[in-house]
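Let's take a walk through this structure together. Have a look at it first, and then we'll go through it piece by piece.

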There are 2 protein chains.
Amino acid sequence: MVGIRKFDEAKLIEDAMRTFWARGAGATTMADLAAATGVQRGSLYNAYGDRETLLIAALDLYATRWRAQAVEALADPEPEAAVAGFLQVHTDRMADPGNPPGCLMTQVCMELTGPSDAVAKRVEMHFRQTEDALEAYFEAARARGTLRAPLQPRASARFVVATSRGMAVMHKAHGGRIDVVEDIAASASLLFHRPR
Amino acid sequence: MVGIRKFDEAKLIEDAMRTFWARGAGATTMADLAAATGVQRGSLYNAYGDRETLLIAALDLYATRWRAQAVEALADPEPEAAVAGFLQVHTDRMADPGNPPGCLMTQVCMELTGPSDAVAKRVEMHFRQTEDALEAYFEAARARGTLRAPLQPRASARFVVATSRGMAVMHKAHGGRIDVVEDIAASASLLFHRPR
DNA sequence: GGCATTCTTGACGAGGGTGTCAAAGACGGA
DNA sequence: TCCGTCTTTGACACCCTCGTCAAGAATGCC
């Protein structure tokens with residue numbers, strides 16, 4: 001059949017995301033994406049223009065999906081539990097054998113060369129949004145009096161984002177072992193422990 | 001002049017390391033390395049065989065140089081100060097405008113596809129050596145009684161390695177800003193704070 | 001029914017990367 | 001002095017990747 005768009009866009013981006021994730025963004029070719037999505041190379045060019053656009057769409061899907069879950073997990077008013085919940089979302093994602101190891105966003109971030117290109121801007125935006133959500137949480141916690149004295153909202157937010165990135169790196173470095181990731185998340189949560 | 005090796009091997013690996021670091025390991029071509037080192041492509045193949053061998057040599061140089069500095073910084077018997085010193089080495093490296101942003105080892109790690117290749121094994125080895133050095137420090141600290149009660153040597157070691165990786169990721173994500181990195185290091189050190 | 005629109009498909013050219021090789025030339029030992 | 005060894009150098013073949021394009025075909029509007 002020819003003439004009408006045959007593929008499901010949502011499924012295409014989903015497949016593309018997993019391909020970038022598994023093979024590495026820089027190493028993924030249009031041929032890889034065509035094979036993974038079942039859509040011909042020419043059709044991909046017709047629909048998206050170039051690979052960068054496809055990568056950005058994949059990043060957006062990736063970021064919004066897991067940021068939504070992670071930020072939702074910040075429900076507990078006690079920072080120790082909230083941070084543990086936030087990091088647990090990342091641990092669960094890595095523990096799922098259906099997912100490639102590591103983290104697409106982190107991987108793309110480390111491949112960046114200059115701050116000028118569209119991908120770099122998108123990565124920074126997504127990191128910043130997560131950081132902002134965490135900062136808002138810690139700000140509220142401080143107002144509630146549940147944030148330990150020496151801890152600051154902005155620095156704490158950056159610390160938690162960095163920890164989740166570190167977990168992803170260690171997950172890849174240790175060939176997918178999940179106990180390493182759990183050790184890190186557990187240690188990081190302890191920073192927010194308040195003696196009662 | 002032809003017939004005798006003209007280049008300084010140590011300088012060549014140093015230049016190659018910085019090229020892999022700045023351009024990304026996967027994106028660095030033999031032509032890039034030839035330009036950066038001043039050694040012709042053919043000579044590089046003659047001396048090293050292929051790009052992977054050159055990358056591994058670069059990784060070894062990178063890892064041993066900065067691991068030596070970081071582990072040396074674990075001098076203080078008080079974990080809070082020792083961890084701060086360890087992380088400060090990484091902060092200093094990133095703050096040095098003479099160095100490319102981020103961390104070569106972390107970047108290569110995130111690019112890995114399978115655990116089977118030689119590069120993956122080398123990356124894991126280097127991470128593990130750092131982890132082991134930190135674990136030994138924390139083991140000694142526990143014996144000394146300077147490690148806070150809930151903290152365990154192995155988990156703490158993993159946490160500190162992960163934090164240093166997270167710092168590198170955030171450094172790239174934020175376009176080289178150093179205050180972000182400092183926030184993370186300061187927060188992480190607080191985990192080891194002991195009220196006196 | 002006819003026609004414009006839109007998507008698919010396969011092929012094409014350009015460019016670039018890898019690894020190899022033969023020729024040329026310098027050094028050192030016999 | 002002569003020969004074997006080793007390095008440099010530039011060229012070469014092969015393969016892959018990108019992005020484009022013209023032709024073909026189905027749909028839906030008029």
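Which exposed residues sit on the face of H4(B) turned away from its buried side? They are B:Thr64, B:Ala68 and B:Glu72, where exposed means that 12 or fewer other C-beta atoms lie within 10 Å of a residue's own, buried means 20 or more, and partly exposed is in between, with C-beta atoms placed from the backbone.

Before going on, a word on what you're looking at: this is a predicted model, in which local features need pLDDT of at least 70 and side-chain atom pairs count only at pLDDT 80 or more, while totals for chains, interfaces and linings use all residues. Residues are numbered from 1 along each chain as its sequence is written, and chains are lettered from A and ligands numbered from 1 in the order in which they are written.

Back to helix H4 of chain B, which covers residues 51-72. Helices here are DSSP runs of H or I with at least four residues, strands are runs of E with at least two, and both are numbered from the N terminus. The buried residues of H4(B) are B:Leu54, B:Leu55, B:Ala58, B:Leu59, B:Tyr62, B:Trp66 and B:Ala70. Seen down the helix axis, they fall within an arc of 135°, so they line one face of H4(B); the arc is taken from the directions from the axis to the C-beta atoms. They pack against several helices of chain B, among them H1 (9-23), H5 (79-95) and H7 (118-144).

Now zoom out to chain A. Its secondary structure comes to nine helices and zero strands, and the C-alpha trace spans about 65 × 30 × 30 Å along its principal axes. Of the 196 residues of chain A, 43% count as buried.

How do the two chains relate? A turn of 180° and a shift of 0.0 Å along the axis lay chain A on chain B with an RMSD of 0.0 Å, superposed by least squares on C-alpha atoms of residues with pLDDT of at least 70 in both copies. That is the relation of a two-fold axis. The same surface serves both copies, as 100% of the contact residues of chain A recur in chain B; two residues are in contact if their C-beta atoms, placed from the backbone, lie within 7 Å.

The contact takes 42 residues from each of chain A and chain B. On the side of chain A that touches chain B, the largest share, 15 residues, comes from H8(A).

Note on methods:
The expected span of a helix is 1.5 Å times one less than its number of residues.
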